[in-house]
Structure formats: C-alpha cells, structure tokens
Amino acid sequence: MYYAGIDLGGTNIAVGIVDENGKMLESASVPTRSGRHFSEIVKDMADVVKQLADKVGISVNDITAAGIGCPGSIDSANGVCEYSNNLRMRHVDLAGEFKKHIDIPVYVENDANAAALGEYEMNAKGSKSFVFITLGTGVGGGVIINGEIFRGFNGVGAELGHTVIKMDGEPCTCGRKGCWEAYASVTALIRQTKEAMEKHKDSLMHEIAEKEGKVSGHTAFLAAKQGDKYGVEVVSKYFEYIAEGITNLVNIFQPEKLVIGGSISKEGDYLLKPVNEFVQKNDYNRYMPKAKIEIAQLFGDAGIIGAAIAARNATK
Ligand SMILES: [Zn+2]
C-alpha cells in the first residue's frame, strides 16, 4: 500500500510517498510561494505527487490516499482549511481541489498534529498518552491519546504554546501576555539574547553575532559552548523556560513519552539533559512511572510521514 504525505508549509511544500508502515520511499519539495491562489498551490502538490509516483515506479492510482498537513484551523472531517494566517487561506477546500488533479481519498490535518502523529507512529507506537512539541519560530505541538489525535470538540486541537507561564509577562502573537511561546520559541530566544547583549558589552555573543551578520537562535548557544558566562546565563534561563512548560504538559497529560522537535531540538543532549533534570525534579508525580523525554527522530520528515499516516488511519 502506498500513501502520499504532503507537508504544506509557509515556505515549502514537502511531499513524500510513504508505505503503510510509514517508511518514506521518495520525497521532494517545491517552494510554496504563499499568497498565490490556492488552486495553484494545490496543483503543485499534485504535480510533485505524480513525479514521485513515477520515481517509485507506481501509478497515482496505486496510491491509496493522500494526507495534507496544513498550518492553521483545519476541518479534518471535510478536508477544509478554515483559516491559515501563514498561507493567507480562509475556508479553502484543499481536499476537493486536490481531487481535481488526482482522484483519491484526501485527508487534511493540522500540520503540528500531523507531525505529532508521525513521531508517535515511528517512535512511540502503543503509548497511551503521547505529547509532541516543536520549538521553532513559535511553540506548537500535538497530543495523541490512545493512538488518536486530541482535537477538542471543535477540531482545533491542543495549542500547547499558548498557555501562560508568566502572568502579565511578554506579549504573545495570540494577544495574551506571558504565553509559553513568548519564552520558549526561537523568536523569544533571540529577544533574550539581544537583551543580554545590551547589558553585557563584553560578552562573546557580540563577536559571534557580528561574524554571523545577525543575532540568531544559535548566538547564545555558540557563546555558551565557548564558555562565555553571559551566553551560559541566556541558555540556562532559556532551558528553564522550556522545562517549565514541559513540566506543565507532563503534569496534565502524564505522557509515556514527550518528544521535542523543531529547530532547537537539533541541540540534542545539550538541551535534553538540563530539561530532563528540571522536569524529573519538578513534576508532581513522585511514585509512579515517569514520562520519558526524548528528541524527535524524524525532524523535517515528521510532517510528511504524519500526513500520510493520518490518511492511512482515516482510510483503514
Ligand atoms: Zn499566546
């Protein structure tokens, strides 16, 4: 059995042909060029699926179903993107439009939920409670309970980044103040790095930023690894912000596994060790088995594989 997985991002459309076990057979990506009419974007998706089917050596009719992971509020039951800020979409029938090009069942899922499902399928299958978070430009994620994506009554799902960790704290893109995202995203890390640089003119972070041409999510990490004490301060505090939010999620969901993805997860054990120590020390549960916290394994492929798995599960 073959499935097409499509990860529709603000920058790229990443597509893969995946087998029934979630193994990626071929993949490719094309620029989204968001702002175009959605019909052009969907045509590009279908064209890439056709090219990849050729490469795999199958006909598009051999593909059982396609899954599309899309940022924003998704009506999965009807295959409609109700609203996507990134893609400037409002009530777009993605499934219907895709079927005009390739007439197979199409399933649409929120992109973070799709990525969560991908990580779950490949690395945590059978877990009764599973949480996936992405630390990138924003903080997102998904919750899988008994193998099913948790969506709430309205299909919106879990907005893990928009829970307050500091009342009256930093303003968040959602309109509230003090959200976890406003402290634990890469965007927040860059702000924290700039604040520290402003205070400490002698920090190595200045030299690093100058070499890179800008202050980035790496600046404080690079400085910290070279022993700059202000870099260490920024990174340690940032890890605490991440860990506070994760502790909340562990207390609420008691996940068997919580997996960290997104660009910051590339820090690997350097990130995992202090976060794990904080969570193990601070979570409520003392006497029962504890959540395992791990780094994502699929990285960029989680969205593609997860969208394909969502399509597989929906057509099973
Ligand atoms: Zn928020």
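Which residue in β4 is the bridge partner of Tyr3? I put this to the model, which is a predicted one, and found that the partner is Ala65.

**Entry on the strand pair.** I then looked at the two strands as wholes, and noted that β1, residues 2–8, and β4, residues 63–70, pair in the parallel sense over six bridges.

**Entry on the sheet.** Following the pairing outwards, I recorded an open sheet of five strands in the order β3-β2-β1-β4-β8, with mixed pairing. I marked β3 (24–31) and β8 (106–110) as the edge strands, since each of them pairs on one side only. From one strand to the next, I have the twist down as 20° on average.

**Entry on the helices against the sheet.** I found that α3 packs on the sheet, where it touches β1, β4 and β8, and that its direction makes about 100° with that of β8. For α10, I noted that the helix lies across β1, β2 (12–19), β3, β4 and β8, and runs at about 130° to β1.

**Entry on the helix pair.** I looked up how α3 (residues 111–123) and α10 (residues 302–315) meet, and wrote down that their axes come within 7 Å and cross at roughly 85°. Angles of 65 to 115 degrees count as roughly perpendicular, and I therefore class α3 and α10 as roughly perpendicular to each other. On the α3 side I listed contact residues including Ala114, Leu117, Gly118 and Met122, and on the α10 side I listed others, among them Gly303, Ile305, Gly306 and Arg312. Sorting the contact of α3 with α10 by class, I have nine nonpolar, four polar and three charged residues.

Conventions
Residues numbered from 1 in each chain as written. Predicted model: local features only at pLDDT ≥ 70, side-chain atom pairs only at ≥ 80, totals over all residues. Heavy atoms only, no water. Axes fitted to C-alpha atoms, helices over the stretch in contact; angles between N-to-C directions. Helix = DSSP H or I, 4+ residues; strand = E, 2+ residues; numbered from the N terminus. Parallel < 35°, antiparallel > 145°, perpendicular 65-115°, else oblique. Contact = heavy atoms within 4.5 Å. Nonpolar A, V, L, I, M, F, W, Y, C, P; charged D, E, K, R; others polar. Pairing = 2+ DSSP bridges.
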